[in-house]
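Visitor: Please take me through one part of this model in close detail. I would like the helix packing and the core around it, then whatever connects to that picture.

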Amino acid sequence: MSNISELFSADGEICQAIDGFSPREAQIEMAMAVEQSIEEKHSLIVEAGTGTGKTFAYLAPALASKQKAIISTGTKNLQEQLFHRDLPLLKKALGSHSRTALLKGRANYLCLHRLRQHGGNSTLLEKQTLNELSQVRSWSTSTKSGDIGELKTLAEDARVLPFVTSTLDNCLGKDCPDYEDCYLVKARREALEADLVVVNHHLFFADMSLKDTGFGELIPDADLIVFDEAHQIPDIASEYFGEALSTRQIQDLAKDIEVLYRTVLKDAQQMHKAAEKCRLIAADLRMLFPETAEKGNWQRMLNRQEVQVEISKLSDALNVLYEVVKIHLGRDKEMETIFERVTTARTRLKNLTDTTQQGVSLWYETTQRHLVMHLTPLSIADKFSQFVEEPERGWVFTSATLMVDGGFDHFQRLMGLQKAKTLGLDSPFDYPNQAMLCVPRYLPEPSSRDMKAMLLDVAEKLIEAARGRCFLLFTSHAMLRIVAAELEDRIDNPILVQGTTTKRALLDEYIANESAVLLGTGAFWEGVDVRGDDLICVLIDKLPFASPDDPLLQARIEDCRKSGANPFAQIQIPQAVISLKQGAGRLIRDESDKGVLVICDNRLITKDYAKTFLASLPNMRRTRNLQDALNFLKEINPLKEQA
């Protein structure tokens, strides 16, 4: 293996090949630790502060090792950036001929079979969906990859997507007439033949938990697995080690049976009626819950008489559908898949209504139209640690936000990685000169009625001083909506609000308009990279403790209490610290950036645990005087003289 420190040195290959690249000690230290992880086949956890250059620090040793590597990212955006920007740059610099591949989840690829299947069923589709379908059909004649992301005119949640992509439930696999031309199959073949594959966490864990065996051949052969944005892994892994069943899955199953009945099995009226009954009961079950989206304790909900009745009806209806579908097996290739889907739905419903299970949380969530029932394990540490130990290979977990109170104990405990080596690397940015942290004086308690007025007052002053260029980040959608509505009457700046359009469109509009203000919740706390004068102020309404009403959190708290530990110290504080670090990390993204972080929560001053939060934030200049922050903003973005 090449000497990694030489690669990154001032006269090394990377500096020579990439304009503006200069050696960074923290980056070299991380790259050498990754190199050691590959050679010694051990696990490594690295917190690399913003600006460390962690992407190159793991990609360079991965390419130089010439071993099979899987890089898993937190988001599709980071996946694309890694594959289309960072990897080509590094490969050129290192003179590497390693084969690389980008692999996304199946929902990202056009399914030729389903596109054709829905081509003649215009009566089943709404006008908007039909318009989207014609766009997809036109694009399908020219695409090489079949990656739906190429179709920029389609919204991320376009209604046509379920009709032109497959799910694990409805994919025919090798029985599909389009198997040889399948874009997903081609992407997987490329991944199997590649030396380095870029995936995302959802895809990795879907496969690791054996929910989608087509990609499962890839993991066993890897010598190195790198998780970037690793702070997201505990929640994502828990989701995939559990089970879920949604009323949408039942609705989709009924729709697919209807398509089959109308086109191929026109004598299977009984099957269509049985499927329709399941669909109607699923819709009735959703109607028992409030119209607005919510999460709740499913075990408690199962005690309600009306819920018990609908669950019993749904169970009976699925049993009838199972028997009817069994009669038609062998009549069409689709029937095998439909039979499996009915069988899975029956089994999951049984598991999701068994309230005697230990070590799991039964919870539910609703969307505007659907209900999702969840079973989630309270801990994945044992399961994941076994997976990491066999076979021996290099594992790297990295993020800018893994440490709490100077250590990795929280992440290691969640993931069962107590044996892993750890490395904490500070950001190279000059935070005392580049940034200021302000916790304003005279803040009311976070739950006080006066909080809204205070937030509006502080936000208005910050926006005026910065002349826009602000992110206002909230811990709840309710406060976001209230502040957004009232700011309309108080400022002239364009106000961009999360939920009004896609995240990408909001960011594009924000950057294009130099006086805009963006208001967001969870989606904008991480994975957003706005540099320079485009973002000089971030306001956070309060410390991001998870909602105490969250049923999964409640179950974990109860489980923690039973073991004799303190759930507030062991679960709630560490989670909130990592979230706060993510939100604060939006502010300074480059060595020339300057800005102000304002946190409107007096608990950062009054509570004993405040020191844990403050110690985890970058070493910014600190003030309690809002006027100091306003003056600093005016220095950063001085009023330009009128021509």
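Guide: Angles under 35 degrees count as roughly parallel, over 145 as roughly antiparallel, 65 to 115 as roughly perpendicular and the rest as oblique. Keep that in mind for helix α21. The model is a predicted one.

Start with the packing of α21 on helix α22, residues 477-487. The two pack at an angle of about 55 degrees. Their axes lie 10 Å apart. α21 and α22 are therefore oblique to each other. Their crossing is right-handed. On the α21 side, the residues that meet α22 are K452, L455, L456 and I463. On the α22 side, they are M479, I482, V483, E486 and L487.

Now the core. The largest nonpolar core has 77 residues. F471, L472, L519 and F613 have the most contacts inside it. Helix α21, residues 451-466, supplies the largest share of this core, with 10 residues.

Look at L462, which is found in α21. L462 counts as buried because its relative accessibility is 0%. Leave out residues up to four places away in sequence. L462 then touches C470, C537, L539, V598, L626, L630 and L633. There is also a long reach along the chain: L462 and Q627 are 165 residues apart. Their C-alpha atoms are separated by 9.6 Å.

F471 deserves the same treatment. Leave aside its neighbours within four places in sequence. F471 is then in contact with L507, Y510, L518, V528, V530, L535, C537, V538 and L539. C537 and L539 thus appear in the contacts of F471 and in those of L462. Apart from this core lies another, of 52 residues. Among its members are V160, Y183, F227 and L417.

Just ahead of α21 is a backbone detail. Y442 lies in the loop between β12 (435-438) and α21. Its phi is near 65 degrees, a positive value in a residue other than glycine. Most residues other than glycine have a negative phi. Y442 is exposed, with a relative accessible area of 74%.

For a contrast in helix packing, turn to α16 (residues 305-327) and α17 (residues 333-352). Their axes come within 10 Å and cross at roughly 155 degrees. α16 and α17 are therefore roughly antiparallel to each other. This crossing is left-handed. α16 contributes residues including I311, L314, L318, Y322 and V325 to the contact. From α17 come, among them, M335, I338, F339, V342 and L349.

Helix α18, residues 381-389, shows its two sides plainly. A381, F384, S385 and V388 are buried. They cover an arc of only 100 degrees around the axis, which puts them on the same side of α18. An α-helix has 3.6 residues a turn, so residues three or four places apart point the same way. The face turned away from the buried side carries the exposed residues D382 and Q386. The cover over the buried residues of α18 includes β1 (43-48), α10 (201-208), β10 (394-399) and α19 (409-415).

Two backbone features sit beside these elements. P391 is in the loop between α18 and β10. A cis peptide bond joins E390 and P391, with omega about -10 degrees. K41 lies in the loop between α3 (25-40) and β1. K41 has a positive phi of about 55 degrees, although it is not a glycine. At 32% relative accessibility, K41 counts as partly exposed.

Definitions and conventions: Residues are numbered from 1 along each chain as its sequence is written. This is a predicted model: local features need pLDDT of at least 70, side-chain atom pairs count only at pLDDT 80 or more; totals for chains, interfaces and linings use all residues. Side-chain values use heavy atoms; hydrogens and water are left out. A nonpolar core is a set of buried Ala, Val, Leu, Ile, Met, Phe, Trp, Tyr and Cys residues joined through side-chain atoms within 4.5 Å. Buried means under 20% relative accessible area, exposed over 50%, partly exposed in between (1.4 Å probe, protein chains only). Helices (H or I, at least four residues) and strands (E, at least two) are DSSP runs, numbered from the N terminus. Contact means heavy atoms within 4.5 Å. The arc is that of the directions from the helix axis to the C-beta atoms. Axes are lines fitted to C-alpha atoms, for helices over the stretch in contact, and angles run from 0 to 180 degrees between N-to-C directions. A crossing is left-handed if the near helix is turned anticlockwise from the far one by less than a right angle, and right-handed if clockwise.
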